[in-house]
Amino acid sequence: MGFLSFIGIITLVIGGLQILLLWGFNREWWRRKAIRWTSLLLPVATLLGMGLWGMGEYYQIGWFSRPGMVLTALAFILQMALLLAFPISGIFHLINRLIDHLVRHRQTDTAVDTNRRIILKGIAAAVPLAAVASAGAGFTRSFGSINVFTKPLTIENLPPDLDGYRILHLSDLHLRHYTTLDDLTDVLDRAKEFKPNLVLVTGDVADDLRLLPDALSLIEQFKAPDGQFATLGNHEYFRGVEQVKAIFDRSAVPLFVNQSGRLSVGSTSVFVGGIDDPRRMGAKETTFFQRTIDETLTGSRSDDFKILMSHRPDAFD
């Protein structure tokens, strides 16, 4: 609920700025009731969605909170799009007014003046329309199937045994409302055509911990030849890290928290380690990463090929 309160405050700030930008920079549009009321209702729709979402979470009613999450996300994204677009469209409105002021007493070619107004007003209108259309299209695509794709990595002095080695990397599944066990099943089914040798899971697996055992079972049933390993993300801490660890302990998926394992690929020793997560958002945790990486790599040997799992890309700096 703290997260929803934070989003609520941000929504009010963004909604207020969006309304001010419409009123201050696009006064012609503000005078049109349809545009004015749409701008005013977007923050209200976001807060309404948050209310439904919060009630659904509190009473554990998934079908109630899901529409709230969708409404919150859609209204919030549209607000952000307009917040970015209104200053740009306002510039074109300002240019139009300035030119009107400069040529009001000197303009003789009314056709040119009319065309200029049409062009500038058209551009001003196109900016928010394009922003809203792009935001809406992106939001719609987010409900499409998850993309399973290959990302080739070129590594100097790669041991020949690892040439063509394939790792299925799963991260930030956030299983709950938006991403479900059916989505995970679909991803694993489509990943089979790539014949991964190893599965690595780098945190934030399930926001509903009741789904975590089944998720780990699906990953284990994938039967990658060299197994599967996981490490923590910040959401494991948010949801209860001790409970998460207990669920992993009952599964066949090892959880590495500043820990490691070793496997053999041909004659090559592969060291797989996973570091802890700093839990906090935003801050640069250089000291934390140095300590956890050093601790994780303690058991490595000079002849090991090392693979490090981290929920945060910052760790690799």
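This is a short talk on a few local features of one predicted model.

I'll start with two backbone angles. Most residues other than glycine have a negative phi. Now look at His174, which is not a glycine but has a positive phi of about 50°. Where is His174 found? It is in the loop between β1, residues 167-170, and α6, residues 181-191. Its relative accessible area is 23%. Buried means under 20% and exposed means over 50%, so His174 counts as partly exposed.

The second case is Lys195. This residue, also not a glycine, has a positive phi near 50°. Lys195 lies in the loop between α6 and β2, and β2 covers residues 198-202. Is Lys195 buried or exposed? Its relative accessibility is 58%, over the 50% cut-off, so Lys195 counts as exposed.

Next, a histidine in a helix. His93 is part of helix α4, which covers residues 62-103. The relative accessibility of His93 is 4%, which is under 20%, so His93 counts as buried. What does His93 touch, if we leave out residues up to four places away in sequence? The list is Phe25, Asn26, Trp29 and Ala124.

Now the strands. In a regular strand the side chains alternate between the two faces of the sheet. Please find strand β7, residues 305-309, where the side chains do alternate. Phe305, Ile307 and Met309 point to one face, and these are buried. Lys306 and Leu308 point to the other face and are not buried. The partner strand here is β6, residues 268-274. How many bridges join β6 to β7? There are five, and the two strands run parallel. One of the residues we just met takes part in this pairing: Phe305 of β7 is the bridge partner of Val270.

Last, a pair of helices. Helix α7 covers residues 212-221, and helix α9 covers residues 241-249. They pack at an angle of about 40°, and their axes are 10 Å apart. The crossing of α7 past α9 is right-handed. Which residues make the contact? From α7 they are Leu212, Pro213 and Leu216, and from α9 they are Val244, Ile247 and Phe248. Sorted by class, this contact has six nonpolar residues, with no polar and no charged ones.

To recap the histidines: His93 in α4 is buried, while His174 in its loop is partly exposed. That is the end of my part.

Definitions and conventions. Residues are numbered from 1 along each chain as its sequence is written. This is a predicted model: local features need pLDDT of at least 70, side-chain atom pairs count only at pLDDT 80 or more; totals for chains, interfaces and linings use all residues. Side-chain values use heavy atoms; hydrogens and water are left out. Helices (H or I, at least four residues) and strands (E, at least two) are DSSP runs, numbered from the N terminus. Buried means under 20% relative accessible area, exposed over 50%, partly exposed in between (1.4 Å probe, protein chains only). Two strands pair if DSSP finds at least two bridges between them. Contact means heavy atoms within 4.5 Å. Axes are lines fitted to C-alpha atoms, for helices over the stretch in contact, and angles run from 0 to 180 degrees between N-to-C directions. A crossing is left-handed if the near helix is turned anticlockwise from the far one by less than a right angle, and right-handed if clockwise. Ala, Val, Leu, Ile, Met, Phe, Trp, Tyr, Cys and Pro count as nonpolar, Asp, Glu, Lys and Arg as charged, and the others, Gly among them, as polar.
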